[in-house]
Structure formats: structure tokens, C-alpha cells
Amino acid sequence: MSISRRCVLTLAGGLLLAATAGVQAADKKITLGFAQVGAESEWRTANTQSIKQSAKEAGITLKFSDAQQKQENQIKAIRSYIAQKVDVIAFSPVVESGWETVLQEAKAAKIPVILTDRAVSVKDDSLYVTFIGSDFVEEGRRAGKWLLDNYKGQGDVNIVELQGTVGSAPAIDRKNGFEEVIKAQPRFKIIRSQTGDFTRAKGKEVMEAFLKAEGKKINVLYAHNDDMAIGAIQAIEEAGLKPGKDIIIISIDAVKGAFEAMIAGKLNVTVECNPQLGPQLMEAAKAVVAGKQLPKRIVTKEGVFPMEVAAKEFPNRKY
Ligand code: AHR
């Protein structure tokens, strides 16, 4: 056989093998290891449901773990997914920093990693394939913009801020986005800012402390999520004040609980953060196993819902 004929046959054989491998990759039942943050909020419950439901619908075997808001638990879960040789690892990082080592371990084991909901801060972005989730800075900007556009009173505006989990991407970004916008009007001042860890109980506790320290000086509450705002509403009522009137309340997520509070006139606006990331995650997991290239960042589309539209929008809410 001539050398050129042998080359053609070898190439054809190679292509056939590659095509068969492609079919096998497409047919292979994928196992996805998902390390969730916890169950700290109504948003997180909806996010977990979306991931579990979409995995079922996509025919993906899901290994799921709840880190109870602790980074060390997430790292343990990721290491166990590496040891189990899952096809893809996905997680919503509790905090931004401290991921290099475990992500390098996943890379060394050739297991692709997808980030959902929250970002990590790493120098080498080849440590993950893509990040699917909201633009938290933009959510903070939207909250600030709503305040500047809608606040009716004159003079200084004293704002108290309930931050999310310390070191988490949404807490850092929502603070930055909000501050970036309100600094255009120096009469808007954040007089107190503390973490409420994204939970109702902590939101209530910290708001009680704000009220004790500042009392009627407080004009606005900016809460990094609806759950903390709902906890704070209780504290405001217990202090004999009217939430939504005596204190204007702005929060983020747009969960059903926030719509109920808006319909009751106790919350002024919620900025949407969509937790239904499951379908996009499953699509991305399939694509990555099939060897397809994914964009490094997939941003979720979201809106803003003020109190005035709450009753009309409520029946359309999915979470
Ligand atoms: O990372 C998303 C944030 O985490 C949501 O806004 C909050 O409710 C959740 O706990």
C-alpha cells in the first residue's frame, strides 16, 4: 500500500473513532456533584428546587450536598466529588476567596467545574469553565437608583444597611453597586451597616440593634436580600413604627414573601435575583461533557418590582 493511501485510511479510522467517542459522550449518563451554600433563605430553597428538578428532567445523576453556609463543608464536598470521579462539579461558593487549592485539585483530576449564582476570586480563571448567575453589582445599582428616583422627603436621608454573608460575592457587589449610585447625591448617607447573614432571624436581630442605636433617625433600610428585610419588618413593627412608611425598605431577590410584604404595604421595592438556574446549569454540564466551548460568563436577566405592581405580578411569580 502506498504511503499516501495508508495516511488516508489512518485519518479515516481516526475520524471514525472520534465520531464514535462523540456519540458515546452524548449518550453517557452524566453525574454532577453540586455543593450548595445552605438553606439560609427563600431564594436558596427555590434555587435548590430548581437544580434538583432540572437534573431529573435532564436525565443527569445529581449528587447534592448542603454546606450550611460554611466554606470548609463545601471544600469537603468538592473533594468527595473528586474522589468519586463525577463528570462535572458545580457549586455556589459561600465566599469569594480561598478556592485555589481545591479548584487545582479538580483540574488535576480533569473534572470541569461550573460556578453558579456566586463568583470566586481566583487569579487563574482556567480553574472553572463558566460562571452562570446574576450581576450582583447591577442589582445594587438598581436598588440605589430606585431610591434616588423615588425618595420623597427633603434633607439628609439616613440609611441603614443589612449586608449579606461577610465575604460573599452578593454582599460585596450589592454594597458596591448601591454606594456607587447613591454617592451622586451626598444627602443619602449610610449611617449603619452590618451583616445579617442573609437570614430572617439575623435580619431581625441586627435591625433591633439599629433601632436601639438610631431610633427615629432611620429613614431607609437597604437589605441585601428579602429574608433579612422580612425579619427587619418584624423588628420595626415591634418598635412601634410602620415599615414601608416610617422607614422605606428596599431589598433584593423578589421572592414570594417579598411580594406578600409589598401587598401588605410593608416593603417598598424588591430588585429581582433569579434563583432558577437549574436548566442553564444542566445545559452547561451536557455541553462541557460533549467537549463544547462555553462562554466564561452567563448573566441572568432580571427586573425591579416596586410595591405598586406587586398585586398584579404576584400570580406570575414562580418562587
Ligand atoms: O447568592 C444569592 C443570594 O444568596 C440571595 O440573594 C440570598 O437570598 C441568598 O441567600
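**Close-up views of the predicted model**

**View 1. Ala109 and its loop.** Ala109 is partly exposed, with a relative accessible area of 37%. The model shown here and in every other view is predicted. Ala109 sits in the loop that runs between helix H4 (100-108) and E4. Along the chain, 177 residues separate Ala109 from Lys286. In space, their C-alpha atoms are 19 Å apart.

**View 2. The chain as a whole.** The chain holds 11 helices and 12 strands. Its C-alpha trace spans about 95 × 40 × 35 Å along the principal axes. Of its 319 residues, 52% count as buried. Consider the contacts with a separation of 6 or more: 74% of them join residues 24 or more positions apart.

**View 3. The annotated span, residues 37-293.** An unreviewed UniProt entry places the feature "domain: Periplasmic binding protein" here. This annotation comes from the record and may be inferred rather than shown by experiment. In the model, the span is 45% helix and 18% strand. The C-alpha atoms at its two ends lie 27 Å apart.

**View 4. The largest nonpolar core.** This core has 52 residues. Leu147, Ile159, Met207 and Ile247 touch the most other members. Helix H8 (residues 226-238) gives the most to the core, with six residues. Apart from this core lies another, of 22 residues. Ala35, Ile75, Leu103 and Ile111 are among the members of that other core. In soluble globular proteins, nonpolar side chains tend to be buried together.

**View 5. Ile247 and its contacts.** Ile247 is one of the members of the largest nonpolar core that touch the most others. Leave out residues up to four places away in sequence, and Ile247 still touches Met207, Leu211, Ile218, Asn219 and Val220, among others. Its contacts also include Leu221, Ile236, Leu241, Lys242 and Asn268. Met207 thus appears twice in these views: as a contact of Ile247, and among the core members with the most contacts to other members.

**View 6. The largest pocket.** The volume of this pocket is about 260 Å³. Its lining has 14 residues. Closest to the centre are Trp146, Asn150, Lys152, Ile248 and Asn268. Helix H5 (residues 136-150) gives the most to the lining, with three residues. By class, the lining has six nonpolar, four polar and four charged residues. Asn268, one of the residues closest to the pocket centre, also touches Ile247.

**View 7. The cavity.** One cavity of 30 Å³ or more is counted. About 90 Å³ of space lies in the largest cavity. Of its 13 lining residues, Trp43, Arg44, Arg118, Arg174 and Asp253 are closest to the centre. Helix H2 (42-58) and helix H6 (169-182) are the elements that give two or more residues to the lining. The lining divides into five nonpolar, two polar and six charged residues.

**View 8. Lys256 and its partners.** Lys256 is found in helix H9 (residues 256-263). Lys256 is partly exposed, because its relative accessible area of 33% falls between the 20% and 50% cut-offs. Neighbours within four places in sequence aside, Lys256 is in contact with Glu42, Phe314, Arg317, Lys318 and Tyr319. Ala310 is 54 residues from Lys256 in sequence. The C-alpha to C-alpha distance of that pair is 9.8 Å.

**View 9. Gln68, a residue with positive phi.** Gln68 is not a glycine, yet its phi is positive, near 50°. Gln68 lies in the loop between strand E2 (61-66) and helix H3 (71-83). Is Gln68 buried or exposed? Gln68 counts as exposed, because its relative accessible area of 56% is over the 50% cut-off.

**View 10. Asp117, another residue with positive phi.** Asp117 has a phi of about 70°, again positive and again in a residue that is not a glycine. The loop that holds Asp117 runs between strand E4 (113-116) and strand E5 (130-133). Is Asp117 buried or exposed? Asp117 counts as buried, because its relative accessibility of 3% is under the 20% cut-off.

Conventions:
Residues numbered from 1 in each chain as written. Predicted model: local features only at pLDDT ≥ 70, side-chain atom pairs only at ≥ 80, totals over all residues. Heavy atoms only, no water. Core = buried A, V, L, I, M, F, W, Y, C linked by side-chain atoms within 4.5 Å. Buried < 20%, exposed > 50% of the residue type's maximum accessible area, 1.4 Å probe, protein only. Helix = DSSP H or I, 4+ residues; strand = E, 2+ residues; numbered from the N terminus. Contact = heavy atoms within 4.5 Å. 1 Å grid on protein atoms, 1.4 Å probe; cavity = no way out; pocket = protein on both sides within 12 Å on 5 of 7 lines; lining within 4 Å. Points joined across faces, edges and corners; volume = space filled by probe spheres on them. Nonpolar A, V, L, I, M, F, W, Y, C, P; charged D, E, K, R; others polar.
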